[in-house]
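Me: Please take me through one part of this model slowly, as I have not seen it before. I would like a close look at how its strands are arranged, with each term explained when it is needed.

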Amino acid sequence: MSTRAKRGFRLKEWIFTTDHKRVAVLYLAGSFTAFFLAGVMAMLMRTELSSIGPTITDNPATYNTWLYFHGAAMILGYLIPALTGFFANYYVPLMIGAKDVAFPRVNALSFWLYFAGIVLALLTFVVPDPPDIMWTGYPPYSIFSPGNTALYSFTVLLMGFSSIAGGINLLTTVIRMRAPGMTWNKLNIFVWCTMGAFVLQLLFVPFIGVAVIMLLLDKYLGMNFFNAAAGGSAVIYENIFWFYSHPAVYVILLPAIGLIYEITATFARNRVFNYKGTVYGGIWGVVALSGVVWGHHLYVSAMPAWLTPIITFTTLLISVPVGLLVIGLLGTLYRGSIEFKTPMLYASGFFFLFLIGGLTGIPNALSAIYSHIHGTYWIPGHFHYVMAISATTAVIGGVYYVFPKLTGKQYNETLGKLGFVLFFIGANITFGLTMYMGAAYGMPRRYYDYAQFPEVERLQYITTLGSYIILLAAIVIAVSWLHALIAGKKSEENPWGSRSLEWTHSVSPPPPGNFPEEVRLADDWDPYDYTK
Amino acid sequence: MANGLNRPVLWTTAIVLSAASRAEARSPDITAGWHELWREVIWDISIIGALFAAITLYLLVRYRRSRAQKNGTGNPLTPLAAIGWVLIPVFVFLADDIFLAAKNYDLWNQYRAVPENAYVVDVEAGMWSWDFRHPDGFIETNELRVAVGRPVHIRLTSRDVVHSFFIPDYKVKWDAVPGKTNYLWFNPVEPGEHVVTCTEFCGTLHSSMFGKVIVMPQAEFDTWLEAKRREKI
């Protein structure tokens, strides 16, 4: 049995750990801390927006700081670390039959870089001049702003270094440390998705690094990259920023959809539909195209006239590999035997939420349509469907799915299902109405107040109520996890009956070194084979 | 005889042609064009969405676990089927993408081609207000008066940070970037008042950076313009 159960909790062991599973748990704790704080900001903002005029604060600068922290913490502190920090770290060695990652100490380093990033982000609430430049940090405002732009830049840089270290580590692990018999075409879809996400991080993180360093140089050392009066241009930043930050959407989406694939295959007890088409067409198609999508963010800012129609087309093209990923998921249901335990409910929710999120991205690719929806509530409505609630559905469903593996305990199904139902209802009210206000009324985003749009006040109010339902869901979910941790029944070794390596070859929770003996896989072994 | 038959045909052609050229001379209504494209896109994604949602729902219900069957029975695809399940969806999605991109291309060109007879207004954005400079040189702040029926050409710049000039009712928007002069145009076809507001985050009072476009009947506008001119002298 696990050696872990015999020992109590020792802080030193956690601080100096290099075990990929413990590093993963540290990432999980960090990302849920960020999620909690950014969620509090969201609730404050939604409450402020429930009526025209001051509701809970009469200072727009306070609101702007909430919004800055919400965006930066949700993306850099929660989504990317939860998916490429926690899940990737935890699953990849277990799924490929490795004892640990290739560079365990680099793995610990990448967590502590991330930790330092979280600490810097939290300084927002301590310093007298909190950043108010939104997570995009557009100059020249970020240069002129009285807020502390350096905090923003260094937070981004630390998270970026952490991602690069993690990416090199995990990619090396998959390339070099697969168990004998684990050929490329037997890798779990999640492992492929993680590889895709890390290839994107390695390719594109340097760009955002450069962008925020240029901000520092402009603001604190008097350089003029973005100062038009001295021959610079603010538009350079917007291009470099989105050249990273649009691919970052796929850094989040790929592992998220990878988790949904794992959950769907396990609970449908079925093989993944068109595995090779999904991997080489869907996942690597997204990776290949993600570098030509950034321009649609700049249709009404900076695109030269001749480039816009080309960008329109290349942006629309991303629908092709994403469509293949969706077809692979739905095909996995076909002839399946689907059991609706809590993780599968979340996966089912994902099918619909991601359908809405994906399809509402299509108008964003059309430059003429963009002339209206750019910078309106349509945009946060759309990307919350994709990044916030589809990806969060994957994260929460994924935590329920991994829970018995991670803790050796089983959660309460009723609480799990109740949390999902509340989350699904709340999310659709909140973000459905958000999109509608943007499209129908042109309600602009990042507004502390909206005196010029009195007609949306009632909708804003209902949206706020929707967000309280999400809050209620979050409480139910947190209670269900705490309850399971404290009073949960002991779980079976493989409660879902999965055929994937992490469940069949390793005890729950796995000890350091993961597997009792070296893993060797037969020629006819497959992680999704339920015929035998 | 042939001449007799041809004459009416020629006349009709001439009338149709001149009507067409007159329609061409009149500036296109890009706002109506936006609504039309929007309707088409929403239909497009709603049909795809409804189709996929129905298939998903069907699959979830039809293949739920039963006592009789514990394991899924999905078969591996043959190489041909696997390629087909990639190429056919790729073809369908690509076709839709090309269709939408082409539709967008037409409307986008209208958005970017300012009609020749347009009334030119220079707009300078600043934290946190809009200055509108009329061709005669006088400046209005946070209010722009224009005459109905004549397209308005906005030349846009900023004196401090990036702002974005947005008239929701006309479906037009462009960023005001320091050091650059961008442009957009709109066609005020009816008298009325419309909000103009900032949609690029520009600091503490970003949400208070709004004004209005007041579209006046030609005669009223002329009177107002004349009064302004005299004021200036």
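Reply: A helix here is a DSSP run of H or I with at least four residues, a strand is a DSSP run of E with at least two, and both kinds are numbered from the N terminus. The model is predicted, and the part to look at closely is the strands of chain B.

A good place to begin is B:W128, which sits in the loop that leads from strand 1 (119-126) to strand 2 of chain B. The peptide bond that runs from B:M127 to B:W128 is cis, and its omega is near -5 degrees. The connection at this place is a hairpin, in which 2 residues link strand 1 of chain B to strand 2 of chain B. These two strands are antiparallel and are held together by 5 bridges, and one of the pairs across them sets B:G126 opposite B:S129 in strand 2 of chain B.

From this hairpin one can follow the sheet outwards. It is an open sheet of 5 strands from chain B, arranged in the order 3-2-1-5-8, and its pairing is mixed. At its edges are strand 3 (139-141) and strand 8 (182-186) of chain B, each of which pairs on one side only. From one strand to the next, the twist averages 25 degrees.

The mixed pairing can be seen by moving away from strand 1 of chain B in either direction. On the way to strand 3, strand 2 (residues 129-133) of chain B runs antiparallel to strand 3 of chain B, and 3 bridges join the two; here B:F132 has B:E140 in strand 3 of chain B as its bridge partner. On the way to strand 8, strand 1 of chain B pairs with strand 5 (residues 152-158) of chain B in the parallel sense, over 7 bridges, and B:V120 is found opposite B:H153 in strand 5 of chain B. When reading along any such strand, it helps to keep in mind that side chains in a regular strand alternate between the two faces of the sheet.

Chain B also holds an open sheet whose 5 strands follow the order 4-10-9-6-7, again with mixed pairing. Strand 4 (143-147) and strand 7 of chain B each have a single partner strand and stand at the edges, so one side of each has no neighbour in the sheet. The average turn between neighbouring strands of this sheet, with direction ignored, is 20 degrees.

Strand 10 of chain B is a useful guide here, as pairings in both senses meet on it. Strand 4 of chain B lies parallel to strand 10 of chain B, and the pairing extends over 5 bridges, with B:E143 opposite B:K212 in strand 10 of chain B. Strand 9 of chain B, by contrast, is antiparallel to strand 10 (residues 210-216) of chain B, and 6 bridges join them. Within that pairing, B:E193 has B:I214 in strand 10 of chain B as its bridge partner, while B:T197 stands opposite B:F210 in strand 10 of chain B.

To place these strands in the chain, it helps to know that chain B is divided into domain 1 (30-65 + 78-112) and domain 2 (119-232). The C-alpha centres of domain 1 and domain 2 of chain B are 37 Å apart.

Some of these strands also take part in the contact with chain A, to which chain B gives 67 residues and chain A gives 73 residues. On the side of chain B that touches chain A, the elements giving two or more residues are helix 2 (30-62), helix 3 (79-112), strand 6 (163-167), strand 7 (172-176) and strand 9 (192-198) of chain B. Helix 3 of chain B supplies the largest share of that side, namely 16 residues. The residues of this side of chain B divide into 40 nonpolar, 17 polar and 10 charged.

A cis peptide bond is also found in chain A, where the bond from A:S508 to A:P509 has an omega near -10 degrees. A:P509 is placed in the segment that follows helix 18 (501-504) of chain A, whereas B:W128, where this account began, lies in the loop between strand 1 and strand 2 of chain B.

Conventions
Residues numbered from 1 in each chain as written. Chains lettered and ligands numbered in written order. Predicted model: local features only at pLDDT ≥ 70, side-chain atom pairs only at ≥ 80, totals over all residues. Pairing = 2+ DSSP bridges. Axes fitted to C-alpha atoms, helices over the stretch in contact; angles between N-to-C directions. Domains from an automatic or database assignment. Contact = placed C-beta atoms within 7 Å. Nonpolar A, V, L, I, M, F, W, Y, C, P; charged D, E, K, R; others polar.
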